[in-house]
Amino acid sequence: MTRLAPDTDLWCRSFHPAPQAPSRLVCFPHAGGSASFYFPVSAQLSPGTDVIALQYPGRQDRRLEPCIEDIHQLADELHPVLRTLADRPLTFFGHSMGAVIAFEVARRLERDGEGPVHLFASGRRAPSRYRDEDVHERDDEGILTEIRAMSGTDSQVFASEEIVRMVLPALRSDYKAVETYRSEPGSVLRCPITALTGDSDPKTSIEEARAWQEHTSGVFDLQVFQGGHFYLSSRPGEVMKVLSAHLDALAAGA
């Protein structure tokens, strides 16, 4: 893995550097997730697209850093980092918690006149749609029960007490961040938004996903896949087809 410039190195992972690619795809992980979740995406899209996967504090090589429990703070810290990558057209892809972080960073970049050309918001209801959720207030077993129900992590991982101790702080902090998140009323991006969701996702109804349309003055599209909250793990080919169509069009217009 190639290390990036010092100002981006802490947050960004480039598994398959593509210095000649006409555009960049920036991937925002889900709650409890890490940059490595997007390694297969990077492998498949390189070298046609420069894929950057973000690494939040409190996990993997950043596990000794304090976790951040506020979406707006995460976006504020990522904003200057991603500005350094705006020398090429940026596409954002965020899953679950990552979708709202991507949305908030996009808002900040658009104020600079350097926003992404497209936001793919996956597995998350629109910023204006709220639910009363309290996973972050549960005990450790309550959080793990929630994660198992989402089928987002191999159950074998939880057989290791050491690994459980390592991931729980990040899980709890991430759930607090996303469950207490509130968007600024009337928040709208100029770039197009594509919402992607599983048809049986307990965390996001199809109507809640469609409500992303209220958050763009550009083109909106809704893509529904068979599956639950982590539909993209069971339908990677279908998701990559949607992403590739957009990235290929960008490359053709370069």
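Where does Gln60 lie? Gln60 sits in the loop between strand S3 and helix H3, residues 71–83. I will come back to that residue after going through the fold. One caveat before that: this is a predicted model.

Let me start with the sheet. The sheet is open and has seven strands, in the order S1-S3-S2-S4-S5-S6-S7, and its pairing is mixed. Strand S1, residues 12–13, and strand S7, residues 220–225, form the edges, each pairing on one side only. At the S7 end, S7 runs parallel to strand S6, residues 193–198, and six bridges join the two. Within that pair, Thr194 stands opposite Asp221 of S7.

Two helices that pack on this sheet are worth going through. One of them is helix H4, residues 97–111, which touches strand S2 (24–28), strand S4 (90–95) and strand S5 (118–122). The direction of H4 makes about 150° with that of S4. The other is helix H9, residues 236–252, which touches S2, S4, S5, S6 and S7. For H9 the angle with the direction of S4 is about 165°.

Now H4 in detail. H4 has 15 residues and reaches 22 Å from its first C-alpha to its last, close to the expected 21 Å. Of those 15 residues, 14 are buried, so H4 is largely enclosed by the rest of the structure. Going into the helix, Ser96 lies in the loop between S4 and H4. Ser96 has a positive phi, about 60°, although it is not a glycine. Ser96 is also buried, at 11% relative accessible area. After the helix comes Gly113, again with a positive phi, in this case near 80°.

One residue of H4 that I looked at separately is Arg108. Is Arg108 buried or exposed? Arg108 is buried, with a relative accessible area of 7%. What does its side chain make a polar contact with? The partner is the side chain of Asp76, at 2.7 Å. Beyond its neighbours within four places in sequence, Arg108 is in contact with His72, Ala75, Asp76 and His79.

On to the nonpolar cores. As general background, nonpolar side chains in soluble globular proteins tend to be buried together. The largest core here has 42 residues, and Phe28, Leu82, Phe92 and Trp212 touch the most other members. H4 supplies the largest share of this core, with nine residues. There is also a second, separate core of 29 residues, which includes Val135, Leu168, Leu232 and Val242.

Val242 takes us back to H9, where Val242 is one of the buried residues. The others that are buried in H9 are Val239, Met240, Leu243, Ser244, His246 and Leu247. In span, H9 reaches 24 Å over its 17 residues, first C-alpha to last, close to the 24 Å expected.

His246 turns up again around His118, a residue of strand S5. His118 is buried, with a relative accessible area of 12%. Setting aside residues up to four places away in sequence, His118 touches Leu90, Thr91, Phe92, Cys191, Pro192, Ile193, Thr194 and His246. With Thr194 there is also a polar contact between side chains, at 2.8 Å. Thr194 is the residue I placed opposite Asp221 earlier.

Some backbone points remain. Ser46 and Pro47 are joined by a cis peptide bond, with omega about 5°. Pro47 is in the loop between helix H2, residues 39–45, and strand S3, residues 50–54. That brings me back to Gln60, in the loop between S3 and H3. The phi of Gln60 is near 45°, a positive value in a residue other than glycine. With a relative accessible area of 37%, Gln60 is partly exposed. Ser96, the other positive-phi residue I mentioned that is not a glycine, is buried at 11%.

A last item is Gly142, in helix H5, residues 140–150. Gly142 counts as buried, at 15% relative accessibility. How far apart are Gly142 and Phe28, C-alpha to C-alpha? They are 25 Å apart in space and 114 residues apart in sequence. Phe28 is one of the residues that touch the most other members of the largest core.

That is what I have.

Note on methods: Residues are numbered from 1 along each chain as its sequence is written. This is a predicted model: local features need pLDDT of at least 70, side-chain atom pairs count only at pLDDT 80 or more; totals for chains, interfaces and linings use all residues. Side-chain values use heavy atoms; hydrogens and water are left out. Two strands pair if DSSP finds at least two bridges between them. Helices (H or I, at least four residues) and strands (E, at least two) are DSSP runs, numbered from the N terminus. Contact means heavy atoms within 4.5 Å. Axes are lines fitted to C-alpha atoms, for helices over the stretch in contact, and angles run from 0 to 180 degrees between N-to-C directions. The expected span of a helix is 1.5 Å times one less than its number of residues. Buried means under 20% relative accessible area, exposed over 50%, partly exposed in between (1.4 Å probe, protein chains only). A nonpolar core is a set of buried Ala, Val, Leu, Ile, Met, Phe, Trp, Tyr and Cys residues joined through side-chain atoms within 4.5 Å. A polar contact is a pair of N or O atoms within 3.5 Å; within protein, one must be able to donate a hydrogen and the other to accept it, and residues adjacent in sequence count only if both atoms are side-chain atoms.
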